[in-house]
Amino acid sequence: MLTQVTREGAASLVLTRRLEATPARVWDALTRASLLTRWMLGPPGWPMVRCQFAAKAGGLMHVEWSDRMGRTLTLTGEVIEAEPPWRMLHIERLHLPEPSPENVVETLLAPDGTGTRLMLHMTFPDPAARDEMLVGGLAEGMEESFVRLETLLAEDG
């Protein structure tokens, strides 16, 4: 199933996708560094070289990709709230190399038949920041990552 991307309010996006796995398995794939490195890849030619994620209130995240020229793309953030395996609220910054403004992301997981409905509610600082992320390929990149996530969940099922 393709990821549904919806603009919400002035500066938010909601990404929704159904995954064929339990909420607990999806939660693990979204929060365990050893699993994130298997599906959350960067742009083509930018493998993940570092992944740290503490999915608990006050926990930190640091994910880094690098190309063959030594350039890096880094995502950092802090977890504000975590209610495994149903909900997490965190702040994230993309470093290109300068940090972007903070985005607030709420991840929600809900049972959906034999699978899970995943919803990411992303709130950007302003409409321009949201639209810049869309033009920069956010939806396409998330779709590619979610396809890999589905493969991982099927393999580990």
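# Talking through a predicted model

Trainee: Which residues does Asp 67 touch, not counting residues up to four places away in sequence?
Mentor: Leaving out anything up to four places away in sequence, Asp 67 touches Gly 45 and Trp 46. Keep in mind as we go that we're looking at a predicted model. As for where to look, Asp 67 sits in the loop between β4 and β5. So the partners to find from that loop are Gly 45 and Trp 46.

Trainee: Is Asp 67 buried or exposed?
Mentor: Go by its relative accessibility, which is 10%. Buried means under 20%, so with 10% Asp 67 counts as buried.

Trainee: Which backbone nitrogen does the side chain of Asp 67 reach at 3.0 Å?
Mentor: A polar contact needs N or O atoms within 3.5 Å. A polar atom of the Asp 67 side chain is 3.0 Å from the backbone nitrogen of Met 69. The side chain also reaches another backbone nitrogen at 3.0 Å, that of Gly 70.

Trainee: Moving along, which two residues does a cis peptide bond join?
Mentor: Most peptide bonds are trans. Here, though, there's a cis one with omega at about -10 degrees. One partner, Pro 85, lies in the loop between β5 and β6. The cis bond joins Pro 84 and Pro 85.

Trainee: Is Thr 31 buried or exposed?
Mentor: Start with its place: Thr 31 lies in helix α1. Beyond four places in sequence, it touches Leu 36, Phe 53, Ala 55 and Met 88. Its relative accessibility is 7%, and because that is under 20%, Thr 31 counts as buried.

Trainee: At what distance does the side chain of Thr 31 reach the backbone oxygen of Trp 27?
Mentor: The limit for a polar contact is 3.5 Å. The Thr 31 side chain reaches the backbone oxygen of Trp 27 at 2.7 Å.
That pair sits within the limit, since the value is 2.7 Å.

Trainee: What is the volume of the largest pocket?
Mentor: Picture the pocket by its lining first: 45 residues, with Leu 75, Leu 94, Met 133, Leu 138 and Met 142 nearest its centre. The elements giving two or more residues to that lining include α2, β4, β5 and β6. The pocket's volume is about 1200 Å³.

Trainee: How many residues in the lining of the largest pocket are nonpolar?
Mentor: Sort the lining into three groups. The polar residues come to 9 and the charged ones to 8. The nonpolar ones number 28.

Trainee: Which element gives the most to the lining of the largest pocket?
Mentor: Look for a contribution of 8 residues. This element is a helix covering residues 138-155, and its end-to-end reach is 26 Å, close to the 26 Å expected. Its buried residues include Leu 138, Met 142 and Phe 146, and what covers them includes β2, α1 and α2. The element is α4.

Trainee: Is Phe 124 buried or exposed?
Mentor: You'll find Phe 124 in the loop between β8 and α3. Its contacts beyond four places in sequence include Ala 11, Leu 13, Met 133 and Leu 138. With a relative accessible area of 4%, which is under 20%, Phe 124 is therefore buried.

Trainee: Which residue's side chain makes a polar contact with the side chain of Glu 8?
Mentor: Glu 8 is in strand β1, and it's partly exposed, with a relative accessible area of 38%. Setting aside residues up to four places away, Glu 8 touches Val 14, His 121 and Arg 130. The side-chain polar contact, at 2.4 Å, is with His 121.

Trainee: Last one: what distance separates the C-alpha atoms of Gly 115 and Gly 59?
Mentor: Gly 115 is in strand β8 and counts as buried at 3% relative accessibility. Beyond four places in sequence, Gly 115 is in contact with Arg 18, Leu 19, Glu 20, Ala 21 and Ala 110. Gly 59 is 56 residues away along the chain, and the C-alpha separation between the two is 27 Å.

Conventions
Residues are numbered from 1 along each chain as its sequence is written. This is a predicted model: local features need pLDDT of at least 70, side-chain atom pairs count only at pLDDT 80 or more; totals for chains, interfaces and linings use all residues. Side-chain values use heavy atoms; hydrogens and water are left out. Helices (H or I, at least four residues) and strands (E, at least two) are DSSP runs, numbered from the N terminus. Buried means under 20% relative accessible area, exposed over 50%, partly exposed in between (1.4 Å probe, protein chains only). Contact means heavy atoms within 4.5 Å. The expected span of a helix is 1.5 Å times one less than its number of residues. A polar contact is a pair of N or O atoms within 3.5 Å; within protein, one must be able to donate a hydrogen and the other to accept it, and residues adjacent in sequence count only if both atoms are side-chain atoms. On a 1 Å grid over the protein atoms alone, a cavity is a set of points where a 1.4 Å probe fits but cannot get out, and a pocket is an open set with protein on both sides within 12 Å along at least five of seven lines; lining residues have an atom within 4 Å of a point. Grid points are joined across faces, edges and corners, and a volume is the space filled by probe spheres set on the points. Ala, Val, Leu, Ile, Met, Phe, Trp, Tyr, Cys and Pro count as nonpolar, Asp, Glu, Lys and Arg as charged, and the others, Gly among them, as polar.
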